[in-house]
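With the model loaded in your viewer, follow the selections below in order. Each stop names what to pick and then says what is found there.

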Amino acid sequence: DARGGTRSGPAAAASGSRERGTLARAAELSCLALNNALFKQPLSQAEALQLGVLAPCVSLVRCDPVTDVTAAALELLINLLDTNPAAQSQLGANPELLQR
């Protein structure tokens, strides 16, 4: 409001929607960039796995509703699992990641 407090009503809703859209787009672009950086790069894949990229990736893939972020995370997850035995082992050792 005019006194410097928080906004409410349509302006706040529009701002919140814009922020969510911006964060979603940033998450999508991050997944796509990471996917490109890790593609056929075993050393980079190993480092990403060590940093814990698998759990957030699975978490994004399981989000409802399906969005562009979900698709980008799924692409990253598929490429990691398809090309990296360590990723397969890590996922196999943590079946709770796949449970809802």
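**The largest pocket, then the largest cavity**

Begin by selecting Ala24, Arg25, Glu28, Leu60, Cys63, Asp64, Pro65, Thr67, Asp68, Val69 and Thr70, which together line the largest pocket of what is, throughout this tour, a predicted model. The space in this pocket comes to about 160 Å³, and its lining divides by class into five nonpolar, two polar and four charged residues. If you colour by secondary structure at this point, H1 and H4 are the elements to look for, since each supplies at least two residues of the pocket lining.

Now step back and show the whole chain as a cartoon. Five helices and zero strands are present, and the pattern read along the sequence is α-α-α-α-α. Among the 100 residues of the chain, 25% count as buried, while the surface that the chain exposes amounts to about 6,700 Å², of which carbon and sulfur atoms supply 59%. Of the contacts in the chain with a separation of 6 or more, 61% are between residues 24 or more positions apart.

For the next stop, turn from the open pocket to enclosed space. How many cavities of 30 Å³ or more are there? The count comes to one cavity, and about 40 Å³ of space lies in the largest cavity. Select Asn35, Leu38, Phe39, Lys40, Gln45, Leu76, Asn79, Leu80 and Thr83 to display its lining. The elements that give two or more residues to this lining are H1 and helix H4 (68-83), and H4 gives the most, with four residues. By class, the lining of the largest cavity holds four nonpolar, four polar and one charged residues.

From that selection, keep Asn35 and centre the view on it; this residue belongs to helix H1, which spans residues 10-38. Is Asn35 buried or exposed? Asn35 counts as buried because its relative accessibility is 5%, which falls under the 20% cut-off for that class. Next, show the residues around it: with the neighbours of Asn35 within four places in sequence left aside, the residues in contact with Asn35 are Glu75, Leu76 and Asn79. Finally, draw the distance between the side chains of Asn35 and Asn79, where a polar contact of 2.9 Å is made. Asn35 and Asn79, the two partners in this contact, are both among the residues that line the largest cavity, and the tour can end with them and the rest of that lining in view.

Definitions and conventions: Residues are numbered from 1 along each chain as its sequence is written. This is a predicted model: local features need pLDDT of at least 70, side-chain atom pairs count only at pLDDT 80 or more; totals for chains, interfaces and linings use all residues. Side-chain values use heavy atoms; hydrogens and water are left out. Buried means under 20% relative accessible area, exposed over 50%, partly exposed in between (1.4 Å probe, protein chains only). A polar contact is a pair of N or O atoms within 3.5 Å; within protein, one must be able to donate a hydrogen and the other to accept it, and residues adjacent in sequence count only if both atoms are side-chain atoms. Contact means heavy atoms within 4.5 Å. On a 1 Å grid over the protein atoms alone, a cavity is a set of points where a 1.4 Å probe fits but cannot get out, and a pocket is an open set with protein on both sides within 12 Å along at least five of seven lines; lining residues have an atom within 4 Å of a point. Grid points are joined across faces, edges and corners, and a volume is the space filled by probe spheres set on the points. Ala, Val, Leu, Ile, Met, Phe, Trp, Tyr, Cys and Pro count as nonpolar, Asp, Glu, Lys and Arg as charged, and the others, Gly among them, as polar. Accessible areas come from the Shrake-Rupley method with a 1.4 Å probe; for residues, only the protein chains shown count as cover.
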